[in-house]
Amino acid sequence: MGLLNNFSDKDLINLQNQPPANQPQINPKTTKAPIWEKYAISPSVEDCLQARDIRRKGVIKTGLAGLDKALGGGLVPGLHFLAGCPGAGKTALIGQIADYTIMQQNNIVCFVSLEMDATQLKERGAIRYCNQFKPQTLSNLQNLSPAEYCNILAAYDRAIGRRLLLITPTDLNDLAAHYGFKDEPAEMPNHIATLFSLFEDLQKCDHLPSLLIIDYFQRLRGYDDKDERQRLEAQLKDINDLAQRFKITILAVSQMTESGSFKGTINFSFDACTLMTLNILPPPKITKTAGDRGTALAKGNERRQYYKDNNINDYTPILLNIDKNRYGKPGDVCLKFLGANVIFQDAPATISAFHREMHLIPEPEQPISPEPTYNGTGMMFGGNKRKN
């Protein structure tokens, strides 16, 4: 019965047999059905079922059990935003998600990198791939011999095949010129319009990505004749239209302001399925208040130093906060970021449990059962056994 554990077959039959609502009367003299009539029964049950199946089929698993559970199964088709303080591992997390959905779900991923060089991203992917088989084996490719370097990158290439489309700003500009969105060298291209045309071509050749990653959203070009607010609003509408048009998942990384919020003069929550922020886990000595995440950027170095002083050196404790979650509940997800290995791992489900695992706070005291007492007849209170 799925989630309907409290519903019996009889309950469902009674539910289906409830009398229909009173229908509005239509003037019999009307020669044709009024325009509003078709909206009164739309969407149909079949339409809703089809939409649900599309969402389920297109869910992108992150490979992190705690995060997938919090998201209601994974990243559904639509627009998702991720922001975070420096060093929290935003690029590492989206790279790990890309690798996982390629290798485990056999999906195609388009990674638009407007922040990091393509060779750096590929090297990070190769390091992450090696450390999946044997943790903490590799943290840097620079000290390897040319043969070892080539072999490791070749192994990563074989694992991802032709399912990772890595696009840099130069590539975007070349594509914009190819599709006619940049006629003159001095003209600024429209990056999202370029992606629309690219995805139409990919769809025609049956190579449409299931996941589009954009790192960073604020660095997309287009609408440069508008002010910042108008430009971001237009880009947000276009990128949401892109997700809806091709029924894909878009994970956009956003810059974070000094106050710890998404950078920009608009409200990102209207069009997004989820809004997520990555911060270094607040230490137990820092009281978590409503404004604590708002000062996360300023407190980043303080928190790093706290964990270093307490010999937490193997990983950085991370708190991923889901501020908006269209298909689940908002909440916190604890993660471990192994920066040297470019890998995220699951952590205890709650902040206090995470602190206890790091031995930063004591284990809760177990209640001690009181010693049995006896009355004058030798009978134990609460029982019927005599004292020997």
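**Exercise 1. Decide whether Ser 210 is buried, partly exposed or exposed, and describe its surroundings.**

Solution.
- Step 1: The relative accessibility of Ser 210 is 23%, so this residue counts as partly exposed. The cut-offs behind this are under 20% for buried and over 50% for exposed. The model is predicted, and the values here are computed from it.
- Step 2: Ser 210 sits in the loop between H9 and S4.
- Step 3: Leaving aside neighbours within four places in sequence, the contacts of Ser 210 are Ile 60, Asn 107, Ile 108, Ile 248 and Thr 249. With Asn 107 there is a polar contact between side chains, at 3.4 Å.
- Step 4: Gly 58 is 152 residues away from Ser 210 along the chain, yet their C-alpha atoms are separated by 7.1 Å.

**Exercise 2. Describe the largest pocket: its volume, its lining and the residues nearest its centre.**

Solution.
- Step 1: The space in the largest pocket comes to about 420 Å³.
- Step 2: Its lining consists of 19 residues. Nearest the centre lie Lys 57, Leu 208, Pro 209, Ser 210 and Lys 247. Ser 210 is the loop residue between H9 and S4, and Lys 247 is the residue that follows H10.
- Step 3: By residue class, the lining holds nine nonpolar, seven polar and three charged residues.

**Exercise 3. Check the length of helix H10 against the expected span, then describe its ends and its packing.**

Solution.
- Step 1: H10 covers residues 228–246, which is 19 residues. The expected span takes 1.5 Å times one less than the number of residues. The result for H10 is 27 Å, and because its end C-alpha atoms are 27 Å apart, the two values agree.
- Step 2: At the N-terminal end, Asp 227 acts as the cap, with a side-chain oxygen 3.3 Å from the backbone nitrogen of Arg 229.
- Step 3: After the helix comes Lys 247, which has a positive phi near 55 degrees.
- Step 4: Buried residues of H10 include Arg 231, Leu 232, Asp 238, Ile 239 and Phe 246. Their cover includes strand S1 (78–84), helix H9 (191–204), strand S4 (211–215) and strand S5 (249–254).

**Exercise 4. Treat helix H9 in the way used for H10.**

Solution.
- Step 1: The 14 residues of H9 reach 20 Å from the first C-alpha to the last, close to the expected 20 Å.
- Step 2: The N-terminal cap is Asn 190, whose side-chain oxygen lies 3.3 Å from the backbone nitrogen of Ile 192. Asp 206 follows H9 and has a positive phi near 60 degrees.
- Step 3: Among the buried residues of H9 are His 191, Ile 192, Leu 195, Phe 199 and Leu 202.
- Step 4: The buried residues pack against strand S2 (109–113), strand S3 (164–167), helix H8 (169–178), S4 and H10.

**Exercise 5. Explain why Lys 336 counts as buried, and find which side chain it joins through a polar contact.**

Solution.
- Step 1: Lys 336 belongs to strand S8 (residues 331–338).
- Step 2: Its relative accessibility is 14%, and therefore Lys 336 counts as buried; the cut-off is under 20%.
- Step 3: The side chain of Lys 336 is joined to that of Glu 357 by a polar contact of 2.9 Å.
- Step 4: Not counting residues up to four places away in sequence, Lys 336 also touches others, including Tyr 315, Phe 344, Asp 346 and Phe 354.

**Exercise 6. Locate the backbone features at Tyr 216, Asn 106 and Val 342.**

Solution.
- Step 1: The peptide bond between Asp 215 and Tyr 216 is cis, with omega about 5 degrees. Tyr 216 lies in the loop between S4 and H10.
- Step 2: Asn 106 is not a glycine, but its phi is positive, about 60 degrees. The loop that holds Asn 106 runs between helix H5 (90–103) and S2.
- Step 3: Val 342, also not a glycine, has a positive phi of about 55 degrees. This residue is in the loop between S8 and strand S9 (343–346). With a relative accessible area of 6%, Val 342 is buried.

**Exercise 7. State how much of the chain is buried, and place Gly 300 within it.**

Solution.
- Step 1: The chain has 388 residues, and 40% of them are buried. Its secondary structure amounts to twelve helices and nine strands.
- Step 2: Among contacts between residues at least 6 apart in sequence, 65% join residues at least 24 apart.
- Step 3: Gly 300 is found in helix H11 (residues 296–309) and is buried, its relative accessible area being 4%.
- Step 4: Gly 300 and Gly 87 are 213 residues apart in sequence, while the C-alpha to C-alpha distance is 8.6 Å.

Conventions. Residues numbered from 1 in each chain as written. Predicted model: local features only at pLDDT ≥ 70, side-chain atom pairs only at ≥ 80, totals over all residues. Heavy atoms only, no water. 1 Å grid on protein atoms, 1.4 Å probe; cavity = no way out; pocket = protein on both sides within 12 Å on 5 of 7 lines; lining within 4 Å. Points joined across faces, edges and corners; volume = space filled by probe spheres on them. Nonpolar A, V, L, I, M, F, W, Y, C, P; charged D, E, K, R; others polar. Helix = DSSP H or I, 4+ residues; strand = E, 2+ residues; numbered from the N terminus. Buried < 20%, exposed > 50% of the residue type's maximum accessible area, 1.4 Å probe, protein only. Contact = heavy atoms within 4.5 Å. Polar contact = N/O pair within 3.5 Å; in protein donor to acceptor, adjacent residues only side chain to side chain.
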